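I opened this model to look up a few features and kept notes as I went. The entries follow the order in which I checked things.

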Amino acid sequence: MNISKELGTIDDMQFLIAELHSRNISLLLDLPLYPTYTKLDPSTMENLTRNANDKAVGEEYLRIERSLIDNNGITNVMRFWLSHGIDGFYLKGLENFADDQYLMENIREWKYVLGKDRIMIVNESLIERIDDELAKEILQNIDLVDVFVDITNGTQSIEHQVMRVLKGK
């Protein structure tokens with residue numbers, strides 16, 4: 001993976017990550033999905049789970065095996081940065097894929113790759129663009145929702161907005 005020279009080198013990034021972690025600070029990256037991608041790839045996770053003996057195969061084995069056969073470009077970018085110590089991602093532009101047939105399976109796959117200790121963020125406009133059932137499922141698989149809070153209408157308006165997002169609409 002190439003990094004623009006204006007931004008520094010991978011060694012510079014690893015130094016930054018190490019310094020932040022030494023101060024107990026996490027580093028999240030914006031992952032600009034749209035317009036870089038115009039459609040989501042199918043997940044490879046389904047095939048592996050179907051082929052694995054549930055009791056005999058541990059989660060770590062599945063992670064390793066999946067990394068060998070994964071053709072999902074976004075997942076591969078995540079794996080690259082995770083291998084360098086990144087603590088999570090803000091999936092910028094994911095709301096543009098609200099109607100994509102692979103949206104939910106990709107969100108599941110990305111959260112699986114991140115693990116429970118790393119953060120995945122989406123914008124509230126994704127939640128607003130999908131049906132209630134899918135919104136609830138997505139909210140179970142992400143860690144944070146970026147919500148624009150309009151403070152001009154007071155605290156009751158803020159409470160209403162937060163409750164709307166938490167309920168999936």
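**Entry 1: the pocket.** I am working from a predicted model. I began with the largest pocket and asked which classes its lining residues fall into. The lining divides into five nonpolar residues, two polar and one charged. I listed the residues themselves as I3, L7, G8, T9, D12, M13, L16 and W81. The charged one is D12, and the two polar ones are G8 and T9. I noted a volume of about 160 Å³ for this pocket. Which helix gives the most to the lining? I found that helix α1, residues 10-22, does, with three residues.

**Entry 2: the sheet.** I next looked up the strands. Four of them form an open sheet, ordered β1-β2-β3-β4, and the pairing is parallel. I noted that β1 (28-32) and β4 (144-146) are at the edges; each has a single partner strand, so one side of each lacks a neighbour in the sheet. From one strand to the next, the twist averages 25 degrees. As a reminder to myself, strands of a sheet pair through backbone hydrogen bonds, either parallel or antiparallel.

I then checked one pair in detail. Strand β2 (residues 88-92) runs parallel to strand β3 (residues 119-123), and three bridges join them. I looked for what stands opposite F89 and found M120 in β3.

**Entry 3: two helices.** I took helix α5 (residues 103-114) together with helix α7 (residues 132-139). They pack at an angle of about 10 degrees, and their axes are 10 Å apart. Angles under 35 degrees count as roughly parallel, so I entered α5 as roughly parallel to α7. On the α5 side I wrote down L103, M104, I107 and R108 as making the contact, and on the α7 side L134, E137 and I138. By class, I have five nonpolar residues, no polar ones and two charged ones in this contact. The charged two are R108 of α5 and E137 of α7.

**Entry 4: backbone.** I finished with the backbone. Most residues other than glycine have a negative phi, and most peptide bonds are trans. Where does the model have a cis peptide bond? I found one joining Y34 and P35, with omega about 10 degrees. P35 is placed in the loop between β1 and α2 (45-51). I also noted N24, a residue other than glycine with a positive phi, near 60 degrees. N24 is in the loop between α1 and β1.

Notes
Residues numbered from 1 in each chain as written. Predicted model: local features only at pLDDT ≥ 70, side-chain atom pairs only at ≥ 80, totals over all residues. Heavy atoms only, no water. 1 Å grid on protein atoms, 1.4 Å probe; cavity = no way out; pocket = protein on both sides within 12 Å on 5 of 7 lines; lining within 4 Å. Points joined across faces, edges and corners; volume = space filled by probe spheres on them. Helix = DSSP H or I, 4+ residues; strand = E, 2+ residues; numbered from the N terminus. Pairing = 2+ DSSP bridges. Axes fitted to C-alpha atoms, helices over the stretch in contact; angles between N-to-C directions. Parallel < 35°, antiparallel > 145°, perpendicular 65-115°, else oblique. Contact = heavy atoms within 4.5 Å.
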